Amino acid sequence: MMLTNTKVFLEARINYEITGAYTNALIGTHQYNEFWKEEQRKCMEGVTIGNLTIPGTYYFYLNYTRMDLKDEKTGRKTQGFPRFTDVDLEFFTLIEKARQEKKGFIMVKPRRTGFSYKNAALVTHEYNFYRDAKCIISAYENKYSDNTMAMTLNNLNFLDQATVWYKPRNPNTQDFVKARHLKKMEDGRDIWVGYQSQIKKITFKDNSFASAGLSSSIFLFEEAGIFSNIIESYNISEPCWKDGEDMIGMPIIYGTGGDMGGGTAAFSEMYYDPERFNLLAFNNDWESDKGNQQCGWFLPATRQRFGVYTDKDTKETAKLVDDEGNSNEIAAMKSILAFRETKKGNPSAFRDAVTQYPITPSEAFLVTSGNMFPTMLLNERLAELKSNPQKYAESSWIGNLAVNEEGELRFTSQDNVIPLRDYPLKKRPDDDITGCIEIFEQPQKDNDGKVFTRRYIVSIDPYDDDYSTTDSAGCAFVYDRFSRRIVAEYTGRPQLAKDFYENCRKLIVYYNAMGFPEINKLGFVTYMEHKKALHMLSETPLQLRDKIEWKPNLNTSYGFKATERTNTWGRELIREWLLEPIEPNSEILNVMRIRSTGLIQELIKWNKDGNFDRVSSLIAALILDVTLNREIIKREEVKTKSFLESPFFKEKGFLKDSYDTFDEVNSYKDNALYFNNIFRR
């Protein structure tokens, strides 16, 4: 519906702007009292004029809150009233809808759309019109909740100055305000009296239990994209807005594109599964491949994008939001795409242009800080995989490995198993996270019908605990060292850890591969020892062996420990591998050949605080691959050693061993020599 004549909802503030007062009636007169009585009714019940109704919270926001606006005459910021817009009308209407349906609200938005002001208005409205209201403004870090709290206090100060809704505050601090004052009784006692509504600011960075024991009619979670413990904090805070099963308050969660970091994965989990968290759900019509899925509310950057767009060819201009508050989404899309075009020469700037002004939720959830992986390319690959299910997902072999009657290990396709293809894992009670094997490419065989030796690596990120309720699973990748592709994946968490171990062992056998596990937990290696299968595992590379702890023929002599240094090196290998051409002078990169949607999602959402099992498994594959490549190169170099390069001179310290796992020469640039020697002889 196109908005028209929206000024009829702004008469109160227009009078204030002209005269400096909301009403010209004399203080204390019947006319004066009736004016304020009617204004309070409008703020609480809403206003209907013609065929348009606006909720009371929106009427209050438009007429009784202030914000920093650009003064068109001076070009400077000054205090003023918000504009009437289609976006704001929809937002406040949806908030009322969520409240009526006893739901919370979650949303993702572009930068600079004024939602801190809107949320501050909701808190101010609750505090001002509902006795004993309890409002909480929370964030992971103080700076985010500080901003909204400052806006709320500014609103309260304005109400005290310009309206009849003055309420004494004690305490009245930047962290906590309460509408009350001391009254002396006839017997000389001082008691607290007043409206008793309150606003409290809290942070969850060092304490997920920061809200324990509190109660709230509105609970704001600011900038959820950097809120690394958002799910835990939300779950612990739930009693704040619930009385048993009854909703007595409302949580509001929002995040901003471009401000995604340590909390992105958890925030994304809540956003794309709103019903699980009792949040208002929407059909995801913003993304063509997810139209049948649900999510939270999304504000695309094409809406409420203020300014004027000038077409570079026709020179025609168009307001992106007209005088009545209607968004011109066609012109805004042209403006956004033109803006992105100017940033394409700088990958970092282009990524920021996309994430800060997203057109789809997926663009908003791209991590922009602390992520070294090429998120834009990964997002493009993810979109291609999901938009072409027949070409990719439906062409995989789905099932498990089993021994047939002849005693041979064979892969059996199954219709009753489901591969885990999303990140993060769901944790509903009825969700099956057992997982299964998904084969993208069957093992390649030589002329004798045998799978090539040393061609495949099965890298394993295991787990030891049965019946876990965490979002962690085991992951095994089969990595083809010839094509440098992931050719199979097994991600899952069966009820018993030994079932996961057995499937990994079968993968090693099926691909005639070397197994290479992370050994921070030793359950898998111990299992392989019991199966008399330690010979299937690769020993710890020399460069990663602890000189004190490492002993031959022990459980700890296989695989590798995931230390901070090793993981850092591994992530560097992943980035290099993603951006490596599939063959010399090719424009096709390895990132464009990945078939695992779960891995791509983990790489996109990776951050130092999250749990990323597939990334850990890929680290293992690439570490062993590079190590084996270097061993071949080193053997080639030994053949050409001169007299001065003999071990005698090295032991005496005259020569420096250049073979350092962590130096910059140990990279995929050495692959060509390796493959010339192994696969092309």
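Student: Which residue just after α1 takes a positive phi?
Tutor: This is a predicted model. Look just past the end of helix α1, which covers residues 11-19. There the phi is positive, at about 85°, and the residue is G20.

Student: Which residues of α1 are buried?
Tutor: Buried means under 20% relative accessible area. Seen down the axis of α1, the buried residues fall within an arc of 155°, so they line one face of the helix. On the other side, E11 and I18 are exposed. The buried ones are A12, R13, N15 and Y16.

Student: What covers the buried residues of α1?
Tutor: Look for other helices around that face. The cover includes three of them: α2 (30-45), α3 (56-64) and α6 (142-162).

Student: Is S197 buried or exposed?
Tutor: S197 sits in the loop between β10 (190-193) and β11 (198-203). The cut-off for buried is under 20% relative accessible area. S197 has 0% relative accessibility, so it counts as buried.

Student: Which residue has its backbone oxygen 2.8 Å from a polar atom of the S197 side chain?
Tutor: Start with the contacts of S197, leaving aside neighbours within four places in sequence. They include Y130, D132, A133 and V177. The backbone oxygen at 2.8 Å belongs to another residue, Y127.

Student: How many disulfides does the structure hold?
Tutor: Take two cysteines first. C43 is buried, with a relative accessible area of 0%. C436 is buried too, at 2% relative accessibility. As for disulfides, the count is zero.

Student: Which residue in β8 is the bridge partner of R169?
Tutor: Strands β7 (residues 169-172) and β8 (residues 176-179) run antiparallel, joined by two bridges. They form a hairpin with three residues between them. Across from R169, the partner in β8 is A179.

Student: Which strands stand at the edges of the sheet of eight strands?
Tutor: The sheet is open, with mixed pairing, in the order β7-β8-β11-β6-β12-β15-β5-β18. Each edge strand has a single partner, so one side of each is left without a neighbour in the sheet. The edge strands are β7 and β18.

Student: Which residue in β15 stands opposite V108?
Tutor: Strand β5 (residues 105-109) runs parallel to β15 (residues 250-256). Five bridges join them. Opposite V108 stands G255.

Student: At about what angle does α7 run to β12?
Tutor: Compare two helices. Helix α4 (residues 86-100) lies across β5, β12, β15 and β18, at about 160° to β5. Helix α7 (residues 230-237) lies across β12 and β15. Its angle to β12 is about 170°.

Key. Residues are numbered from 1 along each chain as its sequence is written. This is a predicted model: local features need pLDDT of at least 70, side-chain atom pairs count only at pLDDT 80 or more; totals for chains, interfaces and linings use all residues. Side-chain values use heavy atoms; hydrogens and water are left out. Buried means under 20% relative accessible area, exposed over 50%, partly exposed in between (1.4 Å probe, protein chains only). Helices (H or I, at least four residues) and strands (E, at least two) are DSSP runs, numbered from the N terminus. The arc is that of the directions from the helix axis to the C-beta atoms. Contact means heavy atoms within 4.5 Å. A polar contact is a pair of N or O atoms within 3.5 Å; within protein, one must be able to donate a hydrogen and the other to accept it, and residues adjacent in sequence count only if both atoms are side-chain atoms. A disulfide is a pair of cysteine sulfur atoms within 2.5 Å. Two strands pair if DSSP finds at least two bridges between them. Axes are lines fitted to C-alpha atoms, for helices over the stretch in contact, and angles run from 0 to 180 degrees between N-to-C directions.
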